[in-house]
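This briefing goes through a protein model topic by topic, with attention to its helices and its surface. Please keep the sequence and the coordinates at hand while reading.

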Amino acid sequence: NMELLAAIIATVLVIVPLWRICARAGFSGALSLVALVPWLGVLIVGAILSFANWPAKTNVVKEQ
């Protein structure tokens, strides 16, 4: 019973901030739900955020 509560709290503490990071980067916040996949989920989301072009950043004017 306490293990279930701890798992729910840990999930909320990971998904909510990750949802906000994805949304601010210009991706769908639902991308953070991929992190629910054990072990690989967080790596997949991290790789997407690390190596993809952020849609929110494309509106920035390039300096010369």
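Which backbone nitrogen does the side chain of E3 reach, and at what distance? In this predicted model, the side chain of E3 comes to 3.4 Å from the backbone nitrogen of N1. The points below place that contact in its helix and then turn to helix α2 and the surface.

**Helix α1**
- E3 belongs to helix α1, which covers residues 2-25, and E3 is counted as exposed because its relative accessible area of 62% is over the 50% cut-off.
- The 24 residues of α1 should span 34 Å at 1.5 Å a residue, and the end C-alpha atoms of the helix lie 35 Å apart, which agrees with that expectation.
- Just after α1, G26 adopts a positive phi of about 100°.

**Buried residues and packing**
- Within α1, the residues I15, L18, C22 and A25 are buried, and the buried residues of this helix pack against α2.
- An α-helix has 3.6 residues a turn, so residues three or four places apart point the same way.

**Helix α2 and the nonpolar surface patch**
- I44 sits in helix α2, which runs over residues 40-51, and its relative accessible area of 39% makes I44 partly exposed, because this value falls between the 20% and 50% cut-offs.
- I44 also takes part in a nonpolar surface patch of about 600 Å², to which V37, W39, L40 and L43 contribute as well.

Definitions and conventions:
Residues are numbered from 1 along each chain as its sequence is written. This is a predicted model: local features need pLDDT of at least 70, side-chain atom pairs count only at pLDDT 80 or more; totals for chains, interfaces and linings use all residues. Side-chain values use heavy atoms; hydrogens and water are left out. Patches are made of residues with over 30% relative accessible area and no salt bridge: like charges are joined within 9 Å, nonpolar side chains (Val, Leu, Ile, Met, Phe, Trp, Tyr) within 5 Å. Accessible areas come from the Shrake-Rupley method with a 1.4 Å probe; for residues, only the protein chains shown count as cover. A salt bridge is a side-chain nitrogen of Lys or Arg within 4 Å of a carboxyl oxygen of Asp or Glu. Helices (H or I, at least four residues) and strands (E, at least two) are DSSP runs, numbered from the N terminus. Buried means under 20% relative accessible area, exposed over 50%, partly exposed in between (1.4 Å probe, protein chains only). A polar contact is a pair of N or O atoms within 3.5 Å; within protein, one must be able to donate a hydrogen and the other to accept it, and residues adjacent in sequence count only if both atoms are side-chain atoms. The expected span of a helix is 1.5 Å times one less than its number of residues. Contact means heavy atoms within 4.5 Å.
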